[in-house]
Amino acid sequence: MDNYDVSTILLNLQLSLQSDLLAYWLTNADICKLDSAFCSKEMRPQYLNMMESEVMSLHSPEFIDLEKISSWMEWVLKKKVRINTCHISSAIPPALYKRFFKAVGERLKELTIFCNHKNYTKREYDRIITTAACFCTNLNKIQLQHCESSGSMENLLHACQESLTVLHLLWCDVSKLKLRELHLLSLKRLVLEDCNGISEATMVGFLGAAPNLEILNCEYFPVFSSKLKISKNLRVLMLKSPPLTDAMFCSLVHSCPLLEVVQLSKCSLLTDMSIIELVQHATHLITLYMGINTVSYTHLTLPTICSV
């Protein structure tokens, strides 16, 4: 079956029939689209709130009813609904997560977990992520927010290291991550935003585990040394607040010949030398963004930039 816009049909049916018909479509169709009318607060079935790949996400976490979400997950298990993407931001009994991941984990491609619900402890989130690692072994994208458990993060990364292409960590504690045995050969995009404990050893581990990385986005990057070996396939580099000197940056430019997009913000140690070196040697460069920097670059860089 191809794509279907089923909302106009479903809105004219009883809720019980909506459930059965939608289950049929989700089980058999490649993509099922719902318009905004069907997703209104009054009409939407509560069991759809986490779906985003085959059905759009329906409401934000503050409106989630815990009992209804549990019912939604039970419905998914009963109807054997196909799910590619799952966003977890609510407190649900861990035992239910185990059944859920066991049922849908093999097909799941994208998983997002927000580890900051007030009703959950660090240990409970650790169990949820560890459970996901047992069953979700084919993930292409992982996004974790506010995760403080290094052990569970390691388990999840090891479980899908062959399939993982995108890793996004936001406000996570990466200080104790052990990355030596990881082989993220498929990882193309790494995003580290406002993470605690980013050390030289941590970055050496990440970059060493991902030799085919194409996009690196590190906000508030506290370390940058000659020991960091960045992928030669890197096309996009976005750095904020790194202790990056001209010598380090020029070395980086020469080791990444395919750079297309460079964004530098709060790079107070860089001078005109770095920018001139970049535009002269990064022959694939398309976009250069120089954000807020405590030391402004001078007009000497402009002729070089304009001549490229």
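**Exercise 1. Work out which residues the salt bridge of Lys188 leads to, and where the partners sit.**

Step 1. Begin with the pair itself: the side chains of Lys188 and Glu214 form a salt bridge at 4.0 Å, N to O. The term stands for a side-chain nitrogen of Lys or Arg within 4 Å of a carboxyl oxygen of Asp or Glu. This is a predicted model, in which local features need pLDDT of at least 70 and side-chain atom pairs count only at pLDDT 80 or more, while totals for chains, interfaces and linings use all residues. Residues are numbered from 1 along each chain as its sequence is written, and side-chain values use heavy atoms, with hydrogens and water left out.

Step 2. Follow Glu214 onward. Its side chain also meets that of Arg235 in a salt bridge (3.1 Å, N to O). This pair links distant parts of the chain, 21 residues apart: Glu214 is in the loop between α7 and β8, Arg235 in the loop between β8 and β9 (236-240). Helices here are DSSP runs of H or I with at least four residues, strands are runs of E with at least two, and both are numbered from the N terminus.

Step 3. Now follow Arg235. Glu260 forms a salt bridge with Arg235, with the closest N and O atoms 3.6 Å apart. Glu260 lies in the loop between α8 and β10 (261-265) and Arg235 in the loop between β8 and β9, so this pair ties together parts 25 residues apart in sequence.

Step 4. Put the pieces together. Shared partners join Lys188, Glu214, Arg235 and Glu260 into one network, and the count of salt bridges comes to three.

Step 5. Check the exposure, where buried means under 20% relative accessible area, exposed over 50%, and partly exposed in between (1.4 Å probe, protein chains only). Lys188 is partly exposed at 33%, and so is Glu214 at 21%. Arg235, at 26%, is partly exposed, as is Glu260 at 24%.

**Exercise 2. Describe how helices α8 and α9 pack.**

Step 1. Two packed helices are described by the angle between their axes and the distance between the axes. For α8 (residues 246-255) and α9 (residues 272-281), the angle is about 10° and the axes are 9 Å apart. The axes are lines fitted to C-alpha atoms over the stretch in contact, and angles run from 0 to 180 degrees between N-to-C directions.

Step 2. Name the arrangement. Angles under 35 degrees count as roughly parallel, over 145 as roughly antiparallel, 65 to 115 as roughly perpendicular and the rest as oblique. The two helices, α8 and α9, are therefore roughly parallel to each other.

Step 3. List the residues in contact, meaning heavy atoms within 4.5 Å. On the α8 side they are Asp246, Phe249, Cys250, Val253 and His254; on the α9 side, Met273, Ser274, Glu277, Leu278 and His281.

**Exercise 3. Is Leu167 buried or exposed, and what does it touch?**

Step 1. Place the residue: Leu167 is in strand β6 (residues 166-170).

Step 2. Read its accessibility. With a relative accessible area of 1%, Leu167 is buried.

Step 3. Look for its contacts. Leaving aside neighbours within four places in sequence, Leu167 touches Ile142, Leu157, Leu187, Arg189, Leu190, Val191 and Phe206.

Step 4. Set this beside the whole chain: 47% of the 308 residues count as buried.
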